[in-house]
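Notebook open, one chain to go through. I'll jot down what I look up as I go.

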Amino acid sequence: MPGVGVKIYSVFFKLLLRHKLQALAAAAAGGEADAAAFGVSCRPDEATAPSNPTFSAADGVASKDLHIDPNSSLSVRIFLPTPPPHPHNLSLRPRRASEPPPATGAPYRGYLPHAVSSPRAAASARRRLPIIVQFHGGGFVSGSSSSAANDAFCRRVAKLCDAIVVAVGYRLAPESRYPAAFDDGVRVLRWIAKQANLAMMSKVGGGVDTFGASTVEPWIAAHGDPARCVLLGVSCGANIANFVTRKAVEDGKLFDPIKVVAQVLMYPFFIGSVPTHSEIRLANSYFYDKSTCILAWRLFLSEKEFSLDHPAANPLAPDRGGPPLKCMPPTLTVIAEHDWMRDRAIAYSEELRKVNVDAPVLDYKDTVHEFATLDVFLKTPQAQACAEDIAIWMKKYISLRGHEFSY
């Protein structure tokens, strides 16, 4: 069972969360939220971490923010891990005590080697990294790509997976109700595909005009590998990730050259009209109880659309639409022991396995919803172990030598 400190903190957390949701509901009822057509992707009362475009000494990961849609508040925070040493200087011997340590705190310089004989040599020496598109949690109404907790989690994932992480700052409800957050996820994936296409056109020459070249994002275009893309969602972000994955499977040509090779669903925010065993037994569980989460769903879905079997809420609803489950990519599901949403996540994973999709479940004992991503848990052994387990599984699909990481 969680400790006494966790139980006490959970009580205050739930009180503050319910108060926030009720305030947002009152604002929406008064028409205040609907007036914000541009939408919001971050609440002013939430702590955020500044981006850092240098490779910090703490974790060796650089980050920066981009506002990618002039018509809405949609933004992304990109995380880039430290470049490797020059290939000619690689050695298996340990570093001598007299040698200086590897440079940290250096600004981004394009991963170009120290000396190259030709543009072809420069291109071959540049390292291509898989791309992880990450969607934060918060019940569709709070959280952001730049929150302190999400920033720390994404830095951990970028470092462990040696991958570019694109954290999506999607629009929040009730200012922007369904399907705004889902559409934002699709828009970001298409934006990444556009960067890859612009990069390829600029390589062959003549295909990109001055304006087109100015829109190229170098961290993605120069170093991202669109053929190794993973979608990772946290809580409600898992719902978004699953929706975007389905769209990528259904309309693959629209996302070319992006290839979604896997997805990771961390304690997904699934629900349904027929309660499961865990929804009954753990309805008043830690941090996110069922009644509060239903209130969040009411803020996300309009009154006309509200249903616990809405396709956004229940991935196994009869009218969910989209591609058949057998077409879905490998899916890792993370669940917590004391989370009322766990049974529905298990059921979705079981349905994927029935059609021969690689869909394992990682079940962590003595844990609660968002145990690996909530700020108070980030430094716990379970949070660290969860990130490492995700990286081990993910490398089966993003590593160029994937067989080394298979179980």
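**Entry 1: a serine in a loop**

Before I start, a cut-off: a residue is buried if its relative accessible area is under 20%. I'm working from a predicted model, and I began with Ser-285. Ser-285 has a relative accessible area of 5%, so I put it down as buried. I found Ser-285 in the loop between α8 (277–281) and α9 (290–300). What does Ser-285 contact, leaving aside its neighbours within four places in sequence? I get Lys-14, His-338 and Trp-340.

**Entry 2: how far to trust it**

I checked the confidence next. The chain averages a pLDDT of 86, and 83% of the residues score at least 70. Residues 111–118 fall below 50, and I still count 18 contacts in the model for this stretch beyond near neighbours in sequence. Residues 403–407 are also below 50, and there the count beyond near neighbours is nine contacts. I'll keep both stretches out of my detailed notes.

**Entry 3: the sheet**

In what order do the eight strands of the open sheet run? I read it as β1-β2-β4-β3-β5-β6-β7-β8, with mixed pairing. β1 and β8 (361–364) are the edge strands; each has a single partner strand, so one side of each has no neighbour in the sheet. The twist from one strand to the next averages 20 degrees.

I then walked along the sheet, starting at the β1 edge. β1 and β2 are antiparallel, with seven bridges between them. Lys-64 sits opposite Ile-78 in β2. On to the next pair: β2 and β4 are antiparallel too, joined by five bridges. Here Ile-78 faces Val-166 in β4.

After that I moved to β3. β3 and β4 run parallel and share five bridges, with Gln-134 opposite Ala-167 in β4. β3 and β5 are also parallel, over seven bridges. Ile-132 has Val-230 as its bridge partner in β5.

I finished at the other edge. β7 (residues 331–336) and β8 run parallel with four bridges. Val-334 stands opposite Leu-362 there.

**Entry 4: what covers the sheet**

I looked at the helices next. Which strands does helix α3 (residues 148–161) touch as it packs on the sheet? I listed β1, β2 (75–81), β3 (129–135), β4 (164–169), β5 (224–234) and β6 (260–266). The direction of α3 makes about 40 degrees with that of β2. I also noted that β3, α3 and β4 make a β-α-β unit, and that the unit is right-handed. Helix α10 (residues 342–354) lies across β6, β7 and β8, and I read its angle to β7 as about 160 degrees.

Then burial, strand by strand. For β2, seven of its seven residues are buried. I sorted their directions: Ser-75, Arg-77, Phe-79 and Pro-81 point one way, while Val-76, Ile-78 and Leu-80 point the other way. Both sets are buried. For β3, seven of the seven residues are buried, so the rest of the structure largely encloses this strand.

**Entry 5: an arginine**

Arg-43 caught my eye in the loop between α1 (4–29) and β1 (61–67). Is Arg-43 buried or exposed? I have a relative accessible area of 9%, so buried. I wanted to know what its side chain reaches. One partner is the backbone oxygen of Val-141, at 2.9 Å. Another is the side chain of Glu-175, in a polar contact of 2.7 Å. Leaving aside its neighbours within four places in sequence, Arg-43 has further contacts on my list, including Leu-24, Ser-142, Leu-172, Ala-173 and Pro-174.

**Entry 6: a glutamine in α11**

Last one for today: Gln-382, which I placed in helix α11 (residues 381–398). Its relative accessibility is 30%, so I logged Gln-382 as partly exposed. Beyond neighbours within four places in sequence, Gln-382 contacts Asp-366, Thr-367 and Phe-371. I also looked up the C-alpha separation from Thr-367, which is 15 residues away along the chain: 7.9 Å.

Conventions: Residues numbered from 1 in each chain as written. Predicted model: local features only at pLDDT ≥ 70, side-chain atom pairs only at ≥ 80, totals over all residues. Heavy atoms only, no water. Helix = DSSP H or I, 4+ residues; strand = E, 2+ residues; numbered from the N terminus. Buried < 20%, exposed > 50% of the residue type's maximum accessible area, 1.4 Å probe, protein only. Polar contact = N/O pair within 3.5 Å; in protein donor to acceptor, adjacent residues only side chain to side chain. Contact = heavy atoms within 4.5 Å. Pairing = 2+ DSSP bridges. Axes fitted to C-alpha atoms, helices over the stretch in contact; angles between N-to-C directions. pLDDT = per-residue confidence, 0-100. Right-handed = clockwise from strand over helix to strand, strands pointing away.
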